[in-house]
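Here is a short briefing on one protein model. Keep the structure open beside you and find each residue as you read.

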Amino acid sequence: MMRGIRAIALAGLLAPGLAQAADTITFGIVSATSGPLAAAGKFQINGFNLAMEKLNRDGGIEVGGKKYSVALKIYDTHCSPAEGASAMERLASVDKVPVVLGELCSPVAAAEMPVAQDNSVPFIITVPTAESLTEQGNPWTFRVNADNNQLNKSLGQLVVNRAMAPLAFIAWNNDAGRGGVKSMQALLPADVKVAYTGYFNVGEVDFSAHVSNIRRSGAKAVMLFMDEEPGALAIRQIRDAGLDVQLIGTLAMGSGRFLTRLNAQYLSGMVQYNAFPPNAPLPRIKSFNDAYVAAFKDESHGFAAQSYDALMVAADAVHRAGVLGNGEAVRKALAATRYDGVIGEIRFDAKGQANPPSYVTQWCDDGTRKIVFPEALASACGGG
Amino acid sequence: MAFLEQALNGLMMGSIYALFAVGMVLVFGVMRVLNFAHGVIFMAGGYMCHAVMTHVVAFYPLALLLSAAGGAVIGAVLERLVFRRLRESLPMQIVASLGLILMVQNGVLLLFGPEAVQISVPAMRTVVPLGPLGVTLQQVLIVVVVGVAMAGLHLFLTRSRLGTAMRAASQDLQAARVVGINPDRVFALTFALASGLAALGGALLGPLFLVFPAMGDLPLLKGLTAIVLGGMGSVGGAVLGGLAIGVLEAESTLLAPTDYRDLVVFAVLILVLLVRPYGLFGRRLRGEP
Amino acid sequence: MLSIRGLRAGYGGRMIVDGVDLDVAAGEVVTVIGQNGAGKSTLLKGIANLLRNREGAVTLDGENVFALSAQDLLGRGLAFIPQGRSVFPGLTVAENLRMGGFLLRDPVLLRQRIEAQLEAFPALAKLLGQLAANLSGGQQRQLELARTMVMQPKVIMLDEPSIGLAPQVVEQVFATLRTLAAGGRAVLMVEQNVRRALQASDRGIVLELGRARLQDKAAALLGDERVARLYMGKR
Amino acid sequence: MLFEVAGISKRFGGTVAVDGASFAVREAGIVGLIGPNGAGKTTLFDIICGRQRADAGEVRFEGRRVDGLMPHRLARLGFARSFQECRVLAEETCLDNLLFAAQEKRLWRELLGIVVPPRRAREKARALLAMAGLSRFENVLAGDLSFGQRRLVEIVSALVTEPRVLLLDEPASGVNPTLLGTLHDVLAETVPQMGVLLLLIEHNMEFVMSLAGRVVVMHQGAVLADGTPELVQADARVIDAYLG
Amino acid sequence: MLLGLGVAAALLPVLVPDQPYAVQVLTLSLCSVVPAVGLNLLFGYTGLVSLGHMGFAGVGAYAAALLMKQAGWGFLPALVAGAGMAGIVGLLVGIPCLRLRSHFFIIVTLAVGLILGTLFNNLDWLTGGAEGLPGVPRPRPLLIGELRIVLGTAVGFYWMAVAVTVAAFVVQWAVVRSPFGKSLAAIRQDEAMAAARGVNVFAHKLAVFALSAAIAGAGGALRACFLRVAAPSSFDLGESINLVAVVILGGAGFQAGPAVGSLVFVALPEVLRVASQARLMVFGALLVVMALYSPRGLLGAAVALRRRMRRADAV
């Protein structure tokens with residue numbers, strides 16, 4: 001019997017990536033399809049799927065004169081560093097993918113990056129925002145999305161310009177929330193007063209204690225670093241408590257879907273940083289949003305746009321590398337990327353960090369949004 | 001003033017913790033079973049309420065009752081199939097609970113997907129002004145329903161034949177047997193009652209907040225803390241423990257950084273146990289040193 | 001009334017009671033005596049179906065009731081009062097009495113029965129609101145008896161009713177048992193307090209290592225030198 | 001004075017379990033402690049063993065006060081006991097039960113490996129098992145034995161520690177006559193030989209009277225009579241107390 | 001037979017070269033075998049349930065990671081220091097907690113795990129906060145005279161992990177067979193009796209609690225170095241509970257229990273990588289069945305099965 005078990009175990013361990021047919025290039029995706037972050041993971045995977053379909057519709061990727069169709073291999077990392085590292089190893093050594101993309105959680109990305117390096121597989125991060133990831137200078141890691149500092153810069157400017165201080169924060173007590181608060185507070189000029197910082201655990205739903213404290217702190221604006229679901233709860237509780245403060249949010253709170261969770265009265269006047277205002281009067285954004293709506297019956301999301309661009313960048317790099325099975329060639333091609341994506345122009349700096357534009361949008365009374373920053377793109381209601 | 005305001009804030013989650021803790025302590029008191037899977041029944045209550053509201057009839061009070069009843073049925077089934085046989089072994093109760101948590105949470109993920117669902121009861125969104133505070137009707141409803149449930153439970157335990165039998169069984173199982181109480185039925189009833197209360201809690205929180213697979217995890221941790229604070233033997237202790245934790249959580253935001261809120265709660269738990277190893281209202285159980 | 005044949009009972013795989021025959025008639029008090037570990041308590045628990053491991057025959061009023069559950073046995077009129085304090089300490093006297101009639105679903109009947117018991121045990125009437133834990137040992141024993149009598153059983157089995165009681169109280173308890181027997185009930189008890197118990201009994205049974213060694217009239221056993229030897233170790 | 005119980009009292013709630021019990025033992029030997037149910041024997045025993053604290057009074061061993069000491073401290077002073085409900089290590093073999101009893105229990109010595117030489121312990125354990133007629137069960141799990149055999153294992157495990165004071169709580173109860181004979185012989189042979197004080201609580205009078213050189217009779221929490229078995233057996237108060 | 005299986009598993013990378021994924025999965029399992037050995041000593045041998053044990057692993061992980069990153073220590077000294085640190089924390093936690101009765105103790109261990117997790121997450125200046133401490137270096141090559149053993153590569157690290165795991169098993173083996181272990185077993189089977197035989201129950205429990213925390217700490221250090229990041233999510237409540245599942249699934253109180261449990265709970269699902277919800281549901285069901293029918297885990301079931309087969313043979 002033991003022999004049988006051993007045989008099964010070996011078969012499982014040694015089975016090569018059979019899924020990879022001869023004329024297909026399979027990209028590796030690490031994301032969350034279950035657990036508390038699965039909702040965010042879905043946007044990410046939607047973006048990848050949209051890019052894959054687009055690539056295949058256009059005839060696939062040409063490498064060394066031969067056309068290849070594109071496929072994805074998606075592994076769930078559960079926001080666990082150990083599972084992330086294993087998934088990366090499996091994608092690199094068993095599935096032998098040319099590039100791995102995705103991830104949602106910063107610590108998991110930190111565990112995946114060295115594995116990618118060990119295996120000489122380029123890794124493109126599309127959502128985590130911790131600055132520490134690219135600051136390590138791992139040559140095999142690239143990030144298309146803006147990090148905390150880049151995202152917060154424009155918002156910080158706005159806080160100063162509009163004199164929103166004293167400020168209060170409510171944030172997830174995880175890498176996304178704490179990272180956002182840390183970065184924002186570091187970016188703000190010393191004279192901007194932070195009146196209150198409140199953290200809550202993922203899964204917590206009652207913000208009444210924070211709301212009371214904010215009221216007493218005399219803050220004029222509240223900055224929310226969290227995802228859609230708690231964000232909607234927090235805003236409702238702030239408004240229901242009759243707290244008349246300027247609301248400031250993350251990109252998760254600048255979508256039409258977010259509106260369906262609340263209503264225009266709750267959101268009116270709220271500003272949020274945004275990597276991708278889906279209704280911006282820019283052709284690249286408009287066409288992506290249309291395609292996304294057609295495919296998923298839902299307004300597009302920044303995570304999707306970032307992931308879409310990342311796969312496009314990867315495909316472009318593989319194409320320019322011109323050979324398959326050479327990680328170093330792809331890495332070099334990636335480092336030299338110049339790509340006009342839907343989120344903006346993507347080129348990586350020496351540490352692999354791209355510098356996509358970031359926006360600030362604001363909710364109007366009628367439930368539409370407008371762009372308020374950068375001022376050059378400032379739009380009317382309905383254009384954010 | 002700030003303390004008073006935070007105490008009010010803590011009251012609502014505190015009453016949910018109390019509802020949760022009372023169920024756990026009932027089961028523990030009668031069966032000596034620590035059911036860590038109590039949280040998934042809480043979560044199931046939220047989903048049942050949502051299912052009733054969307055597929056059966058959008059009448060919230062009825063949905064509340066049906067969810068509680070559904071929770072009771074689940075509890076009775078769990079008792080019969082799993083926990084009745086594990087009464088002697090505390091570690092195995094924990095193992096089975098973990099297994100149930102894995103099964104149910106992932107089952108719900110498969111069925112309903114990862115996104116939280118929302119129970120929409122517009123009437124409950126009405127804001128009731130309370131001095132400078134705005135409180136929604138749902139918040140008031142939670143405190144009131146929990147209060148009524150506690151009062152009802154108290155009446156049931158003290159006035160009714162079955163409730164008295166439950167207390168009797170928890171005090172002396174052998175004596176309960178000789179007066180004709182069937183322990184197995186009492187166990188099933190206890191589990192059903194406790195689970196019904198948990199499901200009611202989930203259904204109550206649903207409209208105000210969200211319904212998602214892990215929604216029972218935090219109440220579970222706080223509920224466990226509450227029953228330990230209360231001494232693991234008394235229903236009243238569990239209620240006070242639950243309310244105390246809710247208030248303590250809210251008050252702690254005045255004194256300590258908010259990311260240390262849970263730490264404050266658990267540190268208080270450990271400190272209390274250092275001074276009173278059997279909890280605030282606990283007594284040594286029979287036959288213990 | 002109660003008739004036991006070839007009863008074997010024990011815990012785990014071990015039969016502590018190893019084939020006992022005995023009969024108790026209505027109006028009779030029968031006492032089982034024997035050393036510690038002889039299987040006296042196990043015998044009663046075996047009859048009351050409170051042990052998993054048992055075989056043999058138990059008939060009540062000529063009907064085979066061996067397989068009935070403890071609850072059903074009580075319903076048929078076989079009551080058991082276990083050793084030590086078996087009142088519910090955290091329940092009041094009134095609640096304890098109500099629990100005695102747990103199987104009676106008719107509240108009016110229950111009230112009548114409890115009132116009847118309060119007449120029989122007037123001391124309890126003043127203590128109705130007290131927690132049973134706060135009663136003295138003798139009062140607790142009275143409460144146990146009253147609680148048992150709410151069901152008006154035909155057979156009452158008691159495991160060491162005299163334990164932990166002052167001598168006068170023991171006399172009272174045994175007197176109560178005699179009264180109950182005089183009312184047509186059968187009483188089967190296990191006792192260490194040999195002399196007093198036998199004085200209050202009609203017949204006695206000496207149990208040794210799970211078997212009945214001697215069965216005789218109580219008076220005869222009292223004078224039996226073998227009993228004295230059993231207790232005092234005289235050869 | 002080797003061992004002394006002086007004015008021990010203990011009450012539980014309203015009931016007095018032990019009420020000023022006193023007796024003293026000058027030298028090693030077998031002392032029976034008897035009395036009807038509820039006389040307070042087991043409570044007194046628990047107090048001597050460190051399982052409960054007395055409300056009043058003292059227990060002294062070689063002049064040193066030992067009541068209120070933790071059980072493991074008593075054990076290190078040379079006290080060994082059996083339990084009424086018979087406690088052995090059910091998941092270990094009989095031999096291992098004895099070897100565990102014989103081993104050093106001080107934490108630091110255990111961790112540093114300073115222990116009784118295994119061979120000597122093993123020889124002693126085997127000899128005791130042989131004396132108790134348990135040789136063929138040496139490698140059988142104690143949990144798989146009959147109650148009487150387990151009782152023998154428990155008592156020889158206590159003996160293997162070479163105690164100064166051996167406290168046995170109803171060792172004869174539930175033991176069948178054959179094994180009871182063995183138990184009797186083991187105690188009768190080893191106790192005088194080892195120079196141990198055996199304090200024996202027992203209901204089986206035949207067993208006590210044939211073993212003990214002296215019997216202390218308790219009744220209602222106090223010592224009622226104290227003397228040789230013959231003396232006690234003839235005492236009318238004792239017979240009264242027993243037969244009620 | 002089990003030994004054979006273990007050796008086969010350990011040698012796999014040698015027998016089947018160039019299987020980096022297999023090496024990865026096996027190393028990952030070893031990273032949970034080591035803390036599981038710690039918990040097995042506590043739970044399997046002494047009968048004390050700890051629901052926050054990965055907290056101690058986290059202490060070891062952060063201590064080692066900081067020493068390697070900030071102070072430039074080598075892996076082995078950092079591992080030992082991490083284990084020591086975890087042991088000290090275990091000792092400090094044990095002094096108040098081990099006085100509590102079983103249920104209270106279990107819930108307090110849960111609270112301790114949560115408190116440690118909160119500290120890992122919140123002490124940004126020390127632990128890097130929720131983002132964790134990235135960039136934990138891999139071990140430097142080991143120089144023994146002329147011999148240079150590379151430990152930084154995947155296979156090299158695997159051997160390193162095997163060595164640490166073997167050391168943990170040796171400690172477990174030595175403890176279980178020692179007089180100390182016998183006293184622990186006695187405490188598990190009957191605390192009152194152990195005390196009556198002279199065991200200072202509290203001191204023994206405290207010693208094994210600290211030892212178990214230290215072993216867990218070593219496992220944590222190994223894990224942080226393997227993943228090259230020390231993150232709060234590696235040492236949170238969920239991980240602590242998984243650890244309990246590993247120990248119980250394999251067989252609490254069996255020497256090989258942690259290894260079997262880890263292979264089944266960590267390696268197998270990683271290799272299968274099928275729909276995660278379905279797989280977790282199956283594991284959940286497995287745990288329930290185990291609790292009901294085989295409290296001593298897979299090894300316990302195997303032993304029972306073998307005994308039954310022997311009995312059948314005898315008949």
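Across the interface of chain B and chain E, the rule finds zero salt bridges (a salt bridge is a side-chain nitrogen of Lys or Arg within 4 Å of a carboxyl oxygen of Asp or Glu). This is a predicted model: local features need pLDDT of at least 70, side-chain atom pairs count only at pLDDT 80 or more, and totals for chains, interfaces and linings use all residues. Residues are numbered from 1 along each chain as its sequence is written, chains are lettered from A and ligands numbered from 1 in the order in which they are written, and side-chain values use heavy atoms, with hydrogens and water left out.

**Chain B meets chain E**

- Contact joins 43 residues of chain B to 37 residues of chain E (contact means heavy atoms within 4.5 Å).
- The two chains bury about 3600 Å² between them, with 83% of it on carbon and sulfur atoms. Buried area is the accessible area (1.4 Å probe) that two parts lose on being put together, summed over both.
- Two residue pairs are in polar contact across this interface, both residues at pLDDT 80 or more. A polar contact is a pair of N or O atoms within 3.5 Å; within protein, one must be able to donate a hydrogen and the other to accept it, and residues adjacent in sequence count only if both atoms are side-chain atoms.
- On the side of chain B that touches chain E, α4 (90-112), α9 (217-230) and α11 (261-275) each supply at least two residues. Helices (H or I, at least four residues) and strands (E, at least two) are DSSP runs, numbered from the N terminus.
- The largest share of that side comes from α4(B), with 15 residues.

**Chain C meets chain D**

- Here 20 residues of chain C are in contact with 23 residues of chain D.
- Chain C and chain D bury about 2000 Å² between them, and 56% of it is on carbon and sulfur atoms.
- The rule finds zero salt bridges across the interface of chain C and chain D.
- The count of residue pairs in polar contact (both at pLDDT 80 or more) is also zero.
- Two or more residues each come from α8 (194-199) and α10 (225-232) of chain C, on the side that touches chain D.

**Aromatic rings**

- The whole structure holds 22 aromatic pairs over all chains. Rings of Phe, Tyr and Trp (its six-membered ring) pair if their centres lie within 6.5 Å; planes under 30 degrees apart count as stacked, over 60 as edge-to-face and the rest as tilted.
- A:F276 and A:F288 are edge-to-face, because their ring centres are 5.4 Å apart and their planes stand at 85 degrees.
- A:F276 lies in the loop between β11 and α12 of chain A and A:F288 in helix α12, so the pair ties together parts twelve residues apart in sequence.
- Both A:F276 and A:F288 are buried. Buried means under 20% relative accessible area, exposed over 50%, partly exposed in between (1.4 Å probe, protein chains only).
- E:F157 and E:F226 are stacked, at 5.7 Å centre to centre and 25 degrees between the planes.
- E:F157 sits in helix α7 (residues 154-177) of chain E and E:F226 in helix α10 (residues 201-227), so this pair ties together parts 69 residues apart in sequence.
- E:F157 and E:F226 are both buried.
- One aromatic cluster is made of A:F276, A:F288, A:Y292, A:F296 and A:Y308.

**A closer look at A:N279**

- A:N279 is in the loop between β11 (271-274) and α12 (283-296) of chain A.
- A:N279 counts as partly exposed, because its relative accessibility is 29%.
- Its C-alpha atom is 6.9 Å from that of A:G382, although the two residues are 103 apart along the chain.
- The side chain of A:N279 reaches the backbone oxygen of A:G384 at 3.0 Å.

**Backbone details**

- A cis peptide bond runs from A:A165 to A:P166, with omega near -5 degrees.
- A:P166 is placed in the loop between α6 (148-161) and β7 (167-172) of chain A.
- A:F373 and A:P374 are also joined by a cis peptide bond, with omega about -5 degrees.
- A:K96 is not a glycine, yet its phi is positive, near 50 degrees.
- A:K96 counts as exposed, because its relative accessibility is 57%.
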